[in-house]
Amino acid sequence: MAIDKEKIQEHVRGILIALGEDPDREGLRETPERVARMYEEVFAGISYTNDDIAQMFNKTFEAPTGRNKGDIVLIKDIEAFSYCEHHMALMYDMNVSVAYIPKDRVIGLSKIVRIVDMVTRRLQLQERIGSDIAEVMQKATGSEDVAVIIEAKHSCVTARGIKNRASATFTTTYRGVFNDDKMQEKLLNMMR
């Protein structure tokens with residue numbers, strides 16, 4: 001489903017009016033159009049299922065010979081942002097780490113970053129972001145052994161309501177062998 005920029009413009013104009021603003025004043029005249037373009041960009045992932053994303057980024061290569069079956073590939077400190085589906089508030093300073101144990105093939109490292117980017121471009125919950133990334137990684141790599149660790153700040157906590165600017169939310173998603181306490185400990189040691 002394509003994002004309907006005309007409807008977004010119409011509704012943003014209505015929101016401005018509901019806020020008591022004049023959408024025809026100089027500073028706001030182009031705001032509905034700018035917001036529609038921004039939404040098209042930041043919510044691009046809404047148009048794709050996890051299967052679609054896995055197919056987009058499933059380019060793999062033969063795994064190196066001589067590796068151990070339990071060798072972990074970890075890419076950490078992937079910067080991302082998303083929007084909370086409850087308040088449409090920004091999730092920011094998001095740091096994502098993705099690990100997997102390759103079977104016979106490895107995925108290009110930039111593909112992992114692209115998967116994170118596409119999954120976060122949806123109205124989301126942080127918990128679902130981890131689950132969606134894990135699911136896409138499993139499909140794209142053919143490995144059941146995936147871990148996703150996310151730390152983020154939520155403006156629905158830091159800028160409204162309780163306004164606790166120091167808080168951050170951590171979530172973990174473990175699949176396959178990463179459900180084992182020893183594997184989790186090994187992974188967390190790698191991240192230090």
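**Exercise 1. Charges and overall layout**

Find how far apart the mean positions of the positive and negative charges of the protein chain lie, and then describe the chain as a whole.

*Solution.* Begin with the charges: in this predicted model, the protein chain carries 27 positive and 30 negative charges, and their mean positions are 3 Å apart. Next, turn to the extent of the chain, whose C-alpha atoms fill a box of roughly 65 × 35 × 20 Å when the box is taken along the principal axes. The accessible surface of the chain comes to about 11100 Å², and 50% of that surface belongs to carbon and sulfur atoms. Of the 192 residues in the chain, 41% are buried, where a residue counts as buried if its relative accessible area is under 20%.

**Exercise 2. The order of helices and strands**

State how many helices and strands the protein chain has, and write down the order in which these elements follow one another from the N terminus.

*Solution.* Counting each kind of element gives seven helices and seven strands. Reading from the N terminus on, the order is α-α-α-β-β-β-β-α-β-α-β-α-β-α. To see how the chain is tied together across its sequence, take the contacts between residues at least 6 apart in sequence: of these, 70% join residues at least 24 apart.

**Exercise 3. Salt bridges in the first part of the chain**

Name the salt-bridge partner of Asp-24, and explain which parts of the chain this pair ties together.

*Solution.* The structure holds 10 salt bridges, and one of them joins Asp-24 to Arg-13, with the closest N and O atoms 3.1 Å apart. Asp-24 lies in the loop between helix H1 (5-18) and helix H2 (31-42), while Arg-13 lies in helix H1, so the pair ties together parts that are 11 residues apart in sequence. Now check how well the two residues are covered: Asp-24 has a relative accessible area of 44% and is partly exposed, and Arg-13, at 32% relative accessibility, also counts as partly exposed.

A further salt bridge joins Glu-21 to Arg-25, where the closest N and O atoms are 3.0 Å apart. Glu-21 is partly exposed with a relative accessible area of 33%, and Arg-25 is partly exposed with 38%.

**Exercise 4. A salt bridge between two helices**

Determine which helices are tied together by the salt bridge between Lys-139 and Asp-51, and find the network to which these residues belong.

*Solution.* First note the distance: in the salt bridge between Lys-139 and Asp-51, the closest N and O atoms are 2.3 Å apart. Lys-139 lies in helix H5 (residues 126-141) and Asp-51 in helix H3 (residues 50-56), so the pair ties together parts that are 88 residues apart in sequence. Lys-139 is partly exposed, with a relative accessible area of 41%, and Asp-51 is partly exposed at 42% relative accessibility. Finally, salt bridges with shared partners join Asp-51, Glu-135 and Lys-139 into one network.

**Exercise 5. The open sheet**

Give the order of the strands in the open sheet, identify its edge strands, and follow the pairing of strand S6 on S3 and S7.

*Solution.* Five strands form the sheet, in the order S5-S2-S3-S6-S7, and their pairing is mixed. The edge strands are S5 (123-124) and S7 (169-174), each of which pairs on one side only. Strand S6 (residues 146-154) runs antiparallel to strand S3 (residues 90-100), and eight bridges join the two. Within this pairing, Tyr-100 stands opposite Val-146 in S6, and Val-96 stands opposite Ile-150 in S6. S6 also pairs with S7, again in the antiparallel sense, over six bridges; here the bridge partner of Val-148 is Thr-173 in S7. As for cover, eight of the nine residues of S6 are buried.

**Exercise 6. A buried residue of helix H5**

Decide whether Ile-129 is buried or exposed, and list the residues that Ile-129 touches.

*Solution.* Locate the residue first: Ile-129 has its place in helix H5. Its relative accessible area is 0%, so Ile-129 is buried. Leaving out residues up to four places away in sequence, Ile-129 touches Ser-82, Met-91, Met-94, Val-119, Thr-120, Gln-124 and Ile-150. As a last step, compare positions with Val-148: the two residues are 19 residues apart along the chain, and the C-alpha atoms of Ile-129 and Val-148 are separated by 9.0 Å.

Notes: Residues numbered from 1 in each chain as written. Predicted model: local features only at pLDDT ≥ 70, side-chain atom pairs only at ≥ 80, totals over all residues. Heavy atoms only, no water. Helix = DSSP H or I, 4+ residues; strand = E, 2+ residues; numbered from the N terminus. Buried < 20%, exposed > 50% of the residue type's maximum accessible area, 1.4 Å probe, protein only. Contact = heavy atoms within 4.5 Å. Areas by Shrake-Rupley, 256 points an atom, 1.4 Å probe, with all protein chains shown as cover. Lys, Arg positive; Asp, Glu negative; His and termini not counted. Charge placed at Lys NZ, Arg CZ, Asp CG, Glu CD. Salt bridge = Lys/Arg side-chain N within 4 Å of Asp/Glu carboxyl O. Pairing = 2+ DSSP bridges.
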